[in-house]
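Got a protein you've never met before? Let's look at it together and ask how we know what we say about it.

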Amino acid sequence: MMSIPSKNTWIKQQQCPCGDWKCYITYEGNAEETTFTSQSVKPELFPSEAMVAPYVGMVFKSDYDAFEYYGNFARKNGFSIRKERSRLSPQLGVYKRDFVCYRSGFAPARKKPSVEHHRDRKSVRCGCDAKMYLSKEVVDGDSQWVVVQFSNVHNHEILEDDQVRLLPAYRKIQEADQEKIILLSKAGFPIHRIVKLLELEKGIQGGQLPFLERDVRNFVQNRKKVVQENDALLTEKRENDTMELLEACKHLKEADEEFVYDFTMDDNNKVENFAWSYGDSVHAYTMFGDVVYFDTTYRSVTYGMFFGAWLGINNNGRTIFFGCALLQDETACSFKWALQTFIRFMKGRCPQTIITDIDPGLKDAIQRELPSTKHVTSIWNILSKLSSWFSHPLGSRYAEFKSEFDALYHVESTEDFELRWSEMVSMLGLGSDKHIALLHSFRLSWAESYVRGYFLARMTTMTYSKSVDIYLKRFFSVETCLRSFFEQVSISANIQNQAHQEAQYMLTKTCIPIEEHARGILSPFAYHALQHELVLAMQYAISEMANGSYLVHHFKKIDAERVVIWMPEGDQIHCSCKEFESSGILCRHALRVLFVKNYFQLPEKYFLSRWRQESSIVLYDGHEVQHNNDGWFQEYQSLTETLFSESSVTKARSAYIRRELPKELMKLLNDVKDMPESDGVAMDFTISPAG
């Protein structure tokens, strides 16, 4: 990663093929808005022709600019420079800078070596007096650096251009070359072969690189040493932090019998995989564990471990926490252990559906450990990868692929899907593409033709995907040790899983009795979903067919026709869109038929227990959460509903409420804040046992 230079400075990136103009990158903006702009220019500080020699009185904006300028002058004149002395004061900080020729001064006398075959290297320093001294001045509040002494008189030979480039000051290995050298070294290439490959890549003759073979060798050796030292420190930190995590789990288990955790050890008796869950999570799973989202998108760079979180959705549409695991790798073996452990935590109950990212190892583990569970891959995880997978190989045809892929996702027939998939692959020449093969191998878990009809609890929507991301980011808000991370997970999970009354408005939008009936049964989240379908149902027409089923279509025919089968025996209704089987909410097509059949209430079977209001009574410590149903709250809710209903009659009323209501609420809020915080009697909003 490129480091951000200080503002208004220039750093070299690469030389253009013409060999004359140079490309630079400059930093612009502030810490909040950082942009890099690339310019093909001849900066004034670095002209390609002969440079003006520094002179007494020459002004620079910074000592960095001065050093860069003098360094470029030195290179063009056959020598290099180094920083000698600097002086500072409490008022100005560093206010003197001395830059000298690389051969300035004399080497200090060395002690006689005790080693018999010591290599005595001759110093290049010969007392050269070439120099440039600077002093800081403050003019109108702005600091600047002025040359106060300059000499270009040398007492040694001046090097030619093909020699000066070999001075240590100019033998720099650029960041891009460093990365290539590291990769080639890891691949087992010897140093001389690495140098040759770099020469071939740059199209230059042997020995013309801006660095020597020994520079590459020293770089590789130093890099290996640093990596080994870091690995040793990281290993020690990982072991210590893992033991602290185990201790934290033991203490929590002693304080809370319902807390569960497990771990595995590797061949070296070190903790390998780790998983844990909480009593609240296990209780929540009994009500909302029909669909589980297993997220494995986060990885700790410090510990080299993957974080897996089992999440769900409650009756209010909120993300809830079931458990999590820290895994050493993303292999089928690690996932197998994680799944086994999770099901054991959840007392042997497997979910109907598990939603994951696209991962072959995880797919194999699910097939083995959860054979009766439907595996679904979130389409949003796939869509986020398409550009990186196909934009480069397809180029200008990527838009065509994306359009066809979107259409394929919604194809209803599996036969049509397979046919159109083959046509797309052939048309775009993707037959040998590994990512196309991966997507096709996962088609049973993401294509609607294979997923339709399986219960998903509205957890494959973009809204839920975003809520999961927001929820998990609470765990990774700061870089911390494993124990602190464990504590953060515990706090966030317990707060999220605790049931609480939420004041949500459930206003009616139609005069249909079904809507009023559902409002007293469904949670606000489920009610609003059904309400949406009720409103849209009014836009559909139905035609009864000879076999007694109904053909339902939109009056503008903006979507496909649906077949609805209604059987009065048992009040059964089925739609070919299979929305109820997927979300647990009756679709607009089925509702349209029920209107015609004079249903004023939905049969009980179409109010799933997981979407009912009473499902908010989540078991907590073996007891039920009591809701606050005081009369004042009911009165408040009734007044607000009436207010919003009356204000929506005209635009003038609506504008008035929008303008005046915030003022009145703010006034009430300020009045409440001015009241004493305690009058000796506390309102009990805590979770209390029933009975």
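What follows is a short run of questions and answers about this predicted model.

Q: What makes up the protein, in helices and strands?
A: There are 22 helices and 19 strands. Of the 691 residues, 39% count as buried, and the protein exposes about 39900 Å², with carbon and sulfur atoms supplying 52% of that. As for contacts with a separation of 6 or more, 57% of them are between residues 24 or more positions apart.

Q: Why is Thr377 called buried?
A: Buried means under 20% relative accessible area. Thr377 comes in at 2%, so it counts as buried. You'll find Thr377 in strand β15, residues 374–377.

Q: What does Thr377 touch, leaving out residues up to four places away in sequence?
A: Its contacts are Thr356, Asp357, Ile358, Ile382, Phe442, Ser445 and Trp446.

Q: How do you know that the length of helix α10 agrees with its number of residues?
A: Helix α10 covers residues 398–410, which is 13 residues. At 1.5 Å a residue it should span 18 Å, and its end C-alpha atoms are 19 Å apart, so the two agree.

Q: Which residues of α10 are buried, and what puts them on the same side?
A: They are Tyr398, Phe401, Phe405, Leu408 and Tyr409. These residues cover an arc of only 100 degrees around the axis, which means they sit on the same side of α10. Here's the general idea: an α-helix has 3.6 residues a turn, so residues three or four places apart point the same way.

Q: What do the buried residues of α10 pack against?
A: Their partners are α9 (379–394), α11 (414–428), α12 (434–441), α13 (443–446) and α14 (448–451).

Q: How do you know that the span of helix α7 agrees with what it should be?
A: Try the sum on its 14 residues, 332–345: at 1.5 Å a residue they should span 20 Å. The end C-alpha atoms are 20 Å apart, so that agrees. Among the buried residues of α7 are Phe335, Trp337, Leu339 and Phe342. After α7 comes Lys347, whose phi is positive, near 60 degrees.

Q: What makes helix α20 "mostly covered"?
A: Seven of its nine residues, which run from 588 to 596, are buried. Those are Arg588, His589, Ala590, Leu591, Val593, Leu594 and Phe595. They pack against α17 (513–519), α18, β16 (540–544), β17 (550–554), β18 (562–567) and β19 (572–575). Asn598 follows α20, and its phi is positive, near 60 degrees.

Q: Which residues touch the most other members of the largest nonpolar core?
A: Out of 71 residues in that core, it's Trp276, Phe307, Leu311, Phe321, Leu326, Leu472 and Leu586. Helix α18 (residues 524–537) gives the core its largest share, six residues.

Q: How many disulfides does a search of the whole structure find?
A: Zero. Cys128 is in none, and the nearest cysteine sulfur, that of Cys101, is 3.8 Å away. A disulfide needs the two sulfur atoms within 2.5 Å, so that pair doesn't qualify. Cys575 is in no disulfide either, with the sulfur of Cys577 the nearest at 3.5 Å.

Q: Are Cys128 and Cys575 buried or exposed?
A: Cys128 has a relative accessible area of 3%, so it's buried. Cys575 has 10%, so it's buried too.

Methods: Residues are numbered from 1 along each chain as its sequence is written. This is a predicted model: local features need pLDDT of at least 70, side-chain atom pairs count only at pLDDT 80 or more; totals for chains, interfaces and linings use all residues. Side-chain values use heavy atoms; hydrogens and water are left out. Helices (H or I, at least four residues) and strands (E, at least two) are DSSP runs, numbered from the N terminus. The expected span of a helix is 1.5 Å times one less than its number of residues. Buried means under 20% relative accessible area, exposed over 50%, partly exposed in between (1.4 Å probe, protein chains only). The arc is that of the directions from the helix axis to the C-beta atoms. Contact means heavy atoms within 4.5 Å. A nonpolar core is a set of buried Ala, Val, Leu, Ile, Met, Phe, Trp, Tyr and Cys residues joined through side-chain atoms within 4.5 Å. Accessible areas come from the Shrake-Rupley method with a 1.4 Å probe; for residues, only the protein chains shown count as cover.
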